[in-house]
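User: Could you walk me through this chain before I set anything up? I'd like to go residue by residue at the start and then move out to the bigger picture.

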Amino acid sequence: MKKSLMIVFGIALALAACKNEGKQPGPAPTPEAAAEITPAPPVTPGPQSKEEQKFDFRAATWGMSKAEVKAAERKQPLYEDEGSLTFDGRYKGQFVYITYQFKDDKLYRAGVLYSQKHDSDSKYLENYENLKSAITKEYGAPVIDGEKQLNPGAVIEKDKEAEAVCRGDLMYGAQWNVPGSMVVLMIRGDGKKCLVSLIYASEESLKSISEMDGSGSIGIAE
């Protein structure tokens with residue numbers, strides 16, 4: 001059975017974060033160096049508590065200007081251009097990149113890229129499953145929770161799925177619909193790196209994707 005998981009924008013955001021990372025001055029920080037990085041504000045980029053429901057993502061709401069988002073983060077961005085801001089921070093003991101995207105100086109999409117390197121592919125998949133459990137505890141069961149084989153010719157053994165994900169043959173994604181937003185957690189790789197990303201998208205961004213390609217969706221096998 002096939003369902004639609006609108007994660008094309010999530011892939012773009014993750015790639016944008018990687019691109020922005022390469023534009024930082026000096027070498028990119030390593031997980032070891034991350035311990036010295038000043039944490040972002042004490043608002044997690046994952047599910048928000050009931051006291052924080054007024055925010056769409058961290059301490060930001062859709063429609064904020066870049067200046068307002070920078071004030072909410074209370075630190076200088078690692079990278080900034082006309083349409084985006086990227087910060088570093090920590091979430092649940094992990095080093096992350098936090099990206100905000102703007103259209104006409106209004107926030108419409110944001111997310112977190114978990115860039116910490118692990119010594120085995122299975123740990124990336126374990127991290128994904130742990131995050132999915134945490135988000136499910138806050139928002140309830142995902143409306144979509146599935147996988148997509150990206151390389152139709154690959155033979156994927158059941159006990160080798162983590163390797164297939166990081167190799168780029170397989171991806172996992174889960175979606176939650178919350179008031180005013182859609183939340184997508186995904187994991188995929190390209191043979192060189194394996195990335196877990198958590199994406200928040202406003203209703204406006206979903207409409208723009210739909211207008212752009214008719215659906216903005218990628219089929220995910222349930």
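User: Where does Lys 66 lie?

Analyst: This is a predicted model, and in it Lys 66 lies in helix H2, which covers residues 66–73.

User: Is Lys 66 buried or exposed?

Analyst: Lys 66 counts as buried, because its relative accessibility is 12% and the cut-off for buried is under 20%.

User: And which side chain does it have a polar contact with?

Analyst: The side chain of Lys 66 is joined to that of Glu 80 by a polar contact of 3.1 Å. Once neighbours within four places in sequence are set aside, Lys 66 is in contact with Glu 80, Asp 81, Glu 82, Ser 84, Leu 85, Phe 102 and Asp 105.

User: Another charged one, then: what about Glu 161, buried or exposed?

Analyst: Glu 161, which lies in helix H4, is buried, with a relative accessible area of 17%. Its side chain makes a polar contact of 3.4 Å with the side chain of Lys 158, and, leaving aside neighbours within four places in sequence, Glu 161 is in contact with Ile 156, Leu 170 and Tyr 172.

User: Staying with H4, which cysteine there is in a disulfide, and where is its partner?

Analyst: The cysteine in helix H4 (residues 161–167) is Cys 166, and the partner is Cys 194 in strand E9 (residues 194–202), so that the pair links distant parts of the chain, 28 residues apart. The sulfur atoms of Cys 166 and Cys 194 are 2.3 Å apart, and both residues are buried.

User: How many disulfides does the count come to?

Analyst: The count comes to one disulfide.

User: Why is it left-handed?

Analyst: The torsion about the S-S bond of Cys 166 and Cys 194 is about -80 degrees, and the disulfide is therefore left-handed.

User: Changing topic to backbone angles: which residue in the loop between H1 and H2 should I look at?

Analyst: Arg 58 is found in that loop, between helix H1 (8–22) and H2, and it has a positive phi of about 50 degrees although it is not a glycine. Arg 58 is also buried, with a relative accessible area of 3%.

User: And what is phi of Asp 104 near?

Analyst: Phi of Asp 104 is near 55 degrees, which is a positive value in a residue other than glycine. Asp 104 has its place in the loop between E4 and E5, and with a relative accessible area of 69% it is exposed, whereas Arg 58 is buried.

User: OK, on to the strands. Which strands does E7 pair with?

Analyst: E7 pairs in the antiparallel sense with strand E6 (residues 144–149) over six bridges, and in the antiparallel sense with E8 over seven bridges. Within these pairings, Gly 146 stands opposite Gly 173 in E7, while Ala 174 stands opposite Leu 185 in E8.

User: How many residues sit between E7 and E8?

Analyst: There are two residues between E7 and E8, which form a hairpin, and Gly 180 in the turn has a positive phi of about 80 degrees.

User: How many of the residues of E7 are buried?

Analyst: Eight of the nine residues of E7 are buried, and the strand is mostly covered.

User: How many residues does the largest nonpolar core have?

Analyst: The largest nonpolar core has 36 residues, and those with the most contacts inside it are Val 69, Tyr 100, Leu 107, Tyr 128, Leu 185, Ile 187 and Leu 198. The elements that give two or more residues to this core include helix H3 (121–139), H4, strand E7 (170–178), strand E8 (181–189) and E9. Apart from this core lies another, of five residues, among them Met 182, Ile 199, Ala 201 and Leu 206.

User: And what does Tyr 128 touch?

Analyst: Not counting residues up to four places away in sequence, Tyr 128 touches Asp 145, Tyr 172, Gly 173, Ala 174, Leu 185, Met 186, Ile 187 and Val 196.

User: Last, the overall numbers: how many helices and strands does the chain have?

Analyst: The chain has five helices and 10 strands, and 50% of its 222 residues count as buried. About 11100 Å² is exposed, with carbon and sulfur atoms supplying 51% of it, and among contacts between residues at least 6 apart in sequence, 59% join residues at least 24 apart.

Notes. Residues numbered from 1 in each chain as written. Predicted model: local features only at pLDDT ≥ 70, side-chain atom pairs only at ≥ 80, totals over all residues. Heavy atoms only, no water. Disulfide = S-S within 2.5 Å. Helix = DSSP H or I, 4+ residues; strand = E, 2+ residues; numbered from the N terminus. Buried < 20%, exposed > 50% of the residue type's maximum accessible area, 1.4 Å probe, protein only. Contact = heavy atoms within 4.5 Å. Areas by Shrake-Rupley, 256 points an atom, 1.4 Å probe, with all protein chains shown as cover. Core = buried A, V, L, I, M, F, W, Y, C linked by side-chain atoms within 4.5 Å. Pairing = 2+ DSSP bridges. Polar contact = N/O pair within 3.5 Å; in protein donor to acceptor, adjacent residues only side chain to side chain.
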